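Look at the model below and keep it open while you read. This short report walks through it piece by piece.

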Amino acid sequence: MAREKIDWLYLLLFIVCFTGRQLNDLVQDKMLEAYSNREAEELRQQLLSKIFNEGQAIVQKQGTGSLITMALDGIDEVRNYIKLIYSKVLTMMIVPVLLFVAMLFVSWQSAVILLIMYPLIVLFMIILGHAAQDKAIKQFGNFQKLSNNFIDSLRGIDTLKYLGLSKRYSTSIFHLSENFRKKTMAVLRVAMLSTFALDFFTTLSIAVIAVYLGFSLLNGKIALFAALAILILAPEYFLPIRNFAGDFHATLNGKNAFQRIRELIHAPEEPVEDVPVKKWGKTDELELNQLAFKYQKGTEIGPVSLKIKGYEKVGVIGVSGSGKSSLINLLSGFLTPKAGEITIQNQAAKTLNIPDWHKQLIYIPQNPYVFTATLRDNIAFYTPSATDEEIKQAIHVMGLDELVQELPQGIDTVIGQGKRVLSGGQAQRIALARAFLDKKRKVMLFDEPTAHLDIETEVDLKKRCCL
């Protein structure tokens, strides 16, 4: 009767321990989920702040596709990396030590054998892990190149179709993606090999312990309880390092993305000038004297000299690739000149990366972005406090009355990706309407806003913008 009570107590103790372990795993997963989400979103905010502050300069250096990959897929990979690796590292540091101490009291000979096997397994994991990591780092770089190539081709698909080159570029993208697939499979082969090697050596270690315990039982050198306890604890002893190795390969992309994002966030910023610039007026002047700039790959523009006073309208004319966009980036302060002199409102400056100067600017790119939101929200994006009357006035001035009449819900109709399709001219007019609403900014920079428009729309927009 007493023996049955003891057995029931052991069974109850087992149930309590098993339940406690499951609850511990559940709480741990929830805490890691919350922690990884918080850290990933904070990292995303830092990355977006860096991109926003650097502007076109960082986009040109990294590529649009690469930045999109890091801000979306890269952050998700980092979240997965933080969630999986942190818990596995802590478990690997604590659990084997506790189990080794427990096994010392049961059978110190078996504990020593397991202790000797552990460094050998770690050694093989390091060797194969480095091989997989090197391949994964190269593969992440290939993924960024593929993203840049795909985004650039997607942006210029209309031009490629017009020139009859779309099939050639689709073939190029196919070959790039196929090459990426083959290299990805090469990385997976190394990862599978390392996982197999780790499972093989851990299984071999447990088999050695089982053989040793079997002979010890036959010779009466160990009790059955001690032998069973060692056999149960041995797989748990190696389980943390096996889990870590499996998650290590599963999170290599997250680790590489985390390092790349951190490098980008802490990259040197463009120098900022602390020059007070007051609100731009009719008598204010901006003068560039022998201004020159050179890209890292060697492309150079300049020297450029010009003088702008008040509300003058200046057109920059040149063939494609002559440096028109670079000059606009210099004027907006996104790029830092390598030589030359700048005078703004009778004050000398080395660059136009001036916070007060940025507050004067309105920049309209060649392909303005239309958000998936209502027409009202798109036009009032920079001035959310604008009234309906002001929005309707901007719509009228920019010739969007016909578009509003076509929309089923007027200015409250949702437009953008997947919604109401807009022509290039309509998107340009929406961007100009945004600028029209902002009465405080008097300096407007246009980067070929009529490049993809028909001649009638181009003439109409020039008349409305007084260009």
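What follows covers a helix, the cores, a sheet and two unusual backbone angles.

This is a predicted model: local features need pLDDT of at least 70, side-chain atom pairs count only at pLDDT 80 or more, and totals for chains, interfaces and linings use all residues. Residues are numbered from 1 along each chain as its sequence is written, and side-chain values use heavy atoms, leaving out hydrogens and water.

**Helix 12**

Helices (H or I, at least four residues) and strands (E, at least two) are DSSP runs, numbered from the N terminus. Helix 12 spans residues 388-397. Which of its residues are buried? Ile-391, Ala-394 and Ile-395 are. They sit on the same side of helix 12, because they cover an arc of only 100° around the axis. That arc is taken from the directions from the helix axis to the C-beta atoms. An α-helix has 3.6 residues a turn, so residues three or four places apart point the same way. On the other side of helix 12, Glu-389, Lys-392 and His-396 are exposed. Buried means under 20% relative accessible area, exposed over 50%, and partly exposed in between (1.4 Å probe, protein chains only).

**The cores**

A nonpolar core joins buried Ala, Val, Leu, Ile, Met, Phe, Trp, Tyr and Cys residues through side-chain atoms within 4.5 Å. The largest one has 26 residues. Leu-375, Ile-379 and Ile-395 touch the most other members. Strand 5, helix 11, helix 12, helix 13 and helix 14 each give two or more residues to this core. Helix 14 gives the most, with seven residues. A second, separate core has 22 residues, among them Leu-291 and Val-443.

**The sheet**

Strands of a sheet pair through backbone hydrogen bonds, either parallel or antiparallel. Here four strands form an open sheet in the order 2-1-3-4, with antiparallel pairing. Two strands pair if DSSP finds at least two bridges between them. Strand 2 and strand 4 are the edge strands, and each pairs on one side only. Strand 3 and strand 4 pair over three bridges. One partnership links Thr-343 with Ala-348 in strand 4.

**Positive phi**

Two residues other than glycine have a positive phi.

| Residue | Phi | Place | Relative accessible area |
|---|---|---|---|
| Gln-290 | near 55° | strand 1 (285-294) | 43%, partly exposed |
| Gln-345 | about 50° | loop between strand 3 and strand 4 | 11%, buried |

Gly-399, which follows helix 12, also has a positive phi, near 70°.
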